[in-house]
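Subject: Structure for your records

Hello,

Here is the structure I said I would pass on. My notes on it follow below the entry.

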Amino acid sequence: MTELNRLYRSKDGPTNVLSFSQREGEAVGRDGALLGDVVICGERVRSDAEDLGYTIEEMTLYVLIHGILHLEGFDHQDESAERDMSARVEEIFHRYYP
């Protein structure tokens, strides 16, 4: 994950989730139903779960939702976008873990 994060985001160190859209670049139009790929780092998810008091299952779902929302066009480039995305992640997450 560290290598992917460096290669695609120019950031050092691992992240818990990365999303790769199929709706941009050369792949656009190949399969309209395919949003893209979500890559989850199991080690980082375990660490984050311990730090935040989630189970590994809960944390995995949380970062999966986050990754899918990126594929849907959500981001966290500024405070307003971050609030919107966080609220949407929480809303969806709490459907499964009230």
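Among contacts in the protein between residues at least 6 apart in sequence, 38% join residues at least 24 apart. Please keep in mind that this is a predicted model.

Overall layout

The protein contains four helices and two strands. Read from the N terminus, the order of the elements is α-β-β-α-α-α. The C-alpha trace spans about 40 × 30 × 25 Å along its principal axes. The protein has 98 residues, of which 27% count as buried.

Helix 4

I spent some time on helix 4, which covers residues 79-96 and so has 18 residues. From its first C-alpha to its last, helix 4 reaches 26 Å, close to the 26 Å expected at 1.5 Å a residue. Its buried residues are A81, M85, V89, I92 and F93. They lie on the same side of helix 4, because the arc they cover around the axis is only 100°. E79, R83 and R95, on the other side of helix 4, are exposed. What do the buried residues of helix 4 pack against? They pack against helix 3, residues 56-71. One such case can be seen from I65: leaving aside neighbours within four places in sequence, I65 is in contact with V89, I92 and F93.

There is also a polar detail at the start of helix 4. There, a side-chain oxygen of D78 comes to within 3.1 Å of the backbone nitrogen of S80.

The nonpolar core

The largest nonpolar core is made up of 13 residues. Those with the most contacts inside it are M59, Y62, V63, I65, L69, V89 and F93. Helix 2 (42-52), helix 3 and helix 4 are the elements that give two or more residues to this core. Helix 3 gives the most, with six residues.

Aromatic residues

A search of the whole structure finds five aromatic pairs. One of them is Y54 with F93, an edge-to-face pair at 5.8 Å centre to centre, with 85° between the planes. Y54 lies in the loop between helix 2 and helix 3, and F93 lies in helix 4, so this pair ties together parts that are 39 residues apart in sequence. The two partners differ in exposure: Y54 counts as partly exposed because its relative accessibility is 25%, whereas F93 is buried because its relative accessible area is 3%.

F93 also forms an edge-to-face pair with Y62, at 5.4 Å centre to centre and 70° between the planes. Since Y62 lies in helix 3 and F93 in helix 4, the pair ties together parts that are 31 residues apart in sequence. Is Y62 buried or exposed? Y62 counts as buried, because its relative accessibility is 18% and the cut-off for buried is under 20%. Y54, Y62, F93 and Y97 form one aromatic cluster.

The N-terminal part

T2 is in helix 1 and is partly exposed, with a relative accessible area of 28%. Not counting residues up to four places away in sequence, T2 touches K11, G13 and P14. T2 and V39 are 37 residues apart in sequence, and their C-alpha atoms are 12 Å apart in space.

The loop between helix 1 (2-9) and strand 1 (17-21) holds T15. S10 lies in the loop between helix 1 and strand 1 as well. Which of these is buried and which is exposed? T15 is buried, with a relative accessible area of 13%, whereas S10 is exposed, with a relative accessible area of 67%. Apart from neighbours within four places in sequence, T15 is in contact with M1, N5, R9, C41 and R44.

The backbone at S10 is worth a look. Phi of S10 is near 55°, a positive value in a residue other than glycine. Most residues other than glycine have a negative phi.

Regards

Methods:
Residues are numbered from 1 along each chain as its sequence is written. This is a predicted model: local features need pLDDT of at least 70, side-chain atom pairs count only at pLDDT 80 or more; totals for chains, interfaces and linings use all residues. Side-chain values use heavy atoms; hydrogens and water are left out. Buried means under 20% relative accessible area, exposed over 50%, partly exposed in between (1.4 Å probe, protein chains only). Contact means heavy atoms within 4.5 Å. The expected span of a helix is 1.5 Å times one less than its number of residues. The arc is that of the directions from the helix axis to the C-beta atoms. A polar contact is a pair of N or O atoms within 3.5 Å; within protein, one must be able to donate a hydrogen and the other to accept it, and residues adjacent in sequence count only if both atoms are side-chain atoms. A nonpolar core is a set of buried Ala, Val, Leu, Ile, Met, Phe, Trp, Tyr and Cys residues joined through side-chain atoms within 4.5 Å. Rings of Phe, Tyr and Trp (its six-membered ring) pair if their centres lie within 6.5 Å; planes under 30 degrees apart count as stacked, over 60 as edge-to-face and the rest as tilted.
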